[in-house]
Amino acid sequence: MSIITDNKVLVHIYSGLESKNKVTLALLVALTAEKNDHKVTLFLAGDGVHILSCKKAGQIIGQGTGDLHEYLESLKNSKIKIYVSGMSAKSRGYDARLLAGYKAEFVMPDVLIEESIKADSVLCY
């Protein structure tokens, strides 16, 4: 456990499912930060919006970075707030069903700017 706690961490995922290691590492880091008592926000934009479409265990597994589906299930039970670029989701054919089960909402790019300014650390994948 970290001796530094209660920091605000923004994890910005813009990589898609073809980048298995990046997206699984990003969620591993986000969940680890929350476990270590940091306040975590997740922002999905660009091809990163596709990660919420993973519906089966074993579908996307990173090399040494875990199973995307397991991390998504953990996200549902976490305090991590998820922002999803509405423009990115819409242009990729998604609607509100993508957010079902998550503490998530569609937002515009200004929220990414606001959250990055408020965060103590911004991690991009």
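## Exercises on salt bridges, buried residues and a helix pair

Lys76 and Glu73 are joined by a salt bridge in which the closest N and O atoms are 3.1 Å apart. The model that these exercises use is a predicted one.

**Exercise 1.** Work out where Lys76 and Glu73 lie relative to one another, and decide whether Lys76 is buried or partly exposed.

*Solution.* Begin with the secondary structure: both Lys76 and Glu73 belong to helix α2, where they are three residues apart, about one turn of the helix. Then turn to accessibility, where Lys76 has a relative value of 27% and therefore counts as partly exposed, while Glu73, at 33%, is partly exposed too. As a general point, side chains of opposite charge can pair when their charged atoms come close.

**Exercise 2.** Describe the salt bridge between Glu115 and Lys118, and state for Glu115 whether the residue is buried or exposed.

*Solution.* The first step is the distance, which for the side chains of Glu115 and Lys118 is 3.0 Å from N to O. The second step is the location: Glu115 and Lys118 are both in helix α4, which covers residues 109-118, and they are three residues apart, about one turn of the helix. The third step is accessibility, and here Glu115 has a relative accessible area of 10%, so this residue is buried, whereas Lys118, with 48%, counts as partly exposed.

**Exercise 3.** Find out how many salt bridges the whole structure holds, and explain which parts of the chain the pair Asp6 and Lys39 ties together.

*Solution.* A search of the whole structure finds six salt bridges, and one of them joins the side chains of Asp6 and Lys39 at 3.4 Å, N to O. Because Asp6 lies in the segment before β1 (8-13) and Lys39 in strand β2, this pair ties together parts that are 33 residues apart in sequence. As for accessibility, Asp6 is partly exposed, with a relative accessible area of 47%, and Lys39 is also partly exposed, at 48%.

**Exercise 4.** Asp67 has no salt bridge; establish which side chain of opposite charge is nearest to Asp67, and what surrounds this residue.

*Solution.* Start by placing Asp67 in strand β4, residues 66-67. Asp67 is buried, and the nearest side chain of opposite charge, that of Lys20, is 11 Å away, while a salt bridge needs a nitrogen-to-oxygen distance within 4 Å. Next, look for polar atoms: a polar atom of the Asp67 side chain lies 2.8 Å from the backbone nitrogen of His69. Finally, list the contacts, which, not counting residues up to four places away in sequence, are Thr24, Ala57, Gly58, Ile60 and Ile61.

**Exercise 5.** Characterise how helices α1 and α2 pass each other, and name the residues through which they meet.

*Solution.* Take the geometry to begin with: the axes of α1 (residues 20-35) and α2 (residues 68-76) come within 10 Å and cross at roughly 30 degrees, and the crossing of α1 past α2 is left-handed. Then read off the residues, with Thr24, Leu27, Leu28 and Leu31 on the α1 side and Leu68, Tyr71, Leu72, Ser74 and Leu75 on the α2 side.

**Exercise 6.** For Gly62, Thr41 and Tyr125 in turn, give the location and the contacts beyond four places in sequence.

*Solution.* Gly62 lies in strand β3, residues 61-62, and is buried, with a relative accessible area of 8%. The C-alpha atom of Gly62 is 8.4 Å from that of Ser19, although 43 residues separate the two along the chain, and the contacts of Gly62 beyond four places in sequence are Lys20, Asn21 and Thr24.

Thr41, in strand β2, counts as buried at 14% relative accessibility. Beyond four places in sequence, its contacts are Val9, Leu10, Val11, Lys81, Tyr83 and Glu115.

Tyr125 follows in the segment after β7 (121-124) and is buried at 15%. Beyond four places in sequence, Tyr125 touches residues including Val11, His12, Ile13, Tyr14 and Ser15, and its C-alpha is 9.7 Å from that of Leu27, a residue 98 places away in sequence.

**Exercise 7.** State what is notable about the phi angle of Asp37, and where this residue lies.

*Solution.* Asp37 is not a glycine, yet its phi is positive, at about 70 degrees. The residue sits in the loop between α1 and β2 (39-44), and its relative accessible area of 42% makes Asp37 partly exposed.

Key: Residues are numbered from 1 along each chain as its sequence is written. This is a predicted model: local features need pLDDT of at least 70, side-chain atom pairs count only at pLDDT 80 or more; totals for chains, interfaces and linings use all residues. Side-chain values use heavy atoms; hydrogens and water are left out. Helices (H or I, at least four residues) and strands (E, at least two) are DSSP runs, numbered from the N terminus. Buried means under 20% relative accessible area, exposed over 50%, partly exposed in between (1.4 Å probe, protein chains only). Lys and Arg count as positive and Asp and Glu as negative; His and the chain ends are not counted. A polar contact is a pair of N or O atoms within 3.5 Å; within protein, one must be able to donate a hydrogen and the other to accept it, and residues adjacent in sequence count only if both atoms are side-chain atoms. Contact means heavy atoms within 4.5 Å. Axes are lines fitted to C-alpha atoms, for helices over the stretch in contact, and angles run from 0 to 180 degrees between N-to-C directions. A crossing is left-handed if the near helix is turned anticlockwise from the far one by less than a right angle, and right-handed if clockwise.
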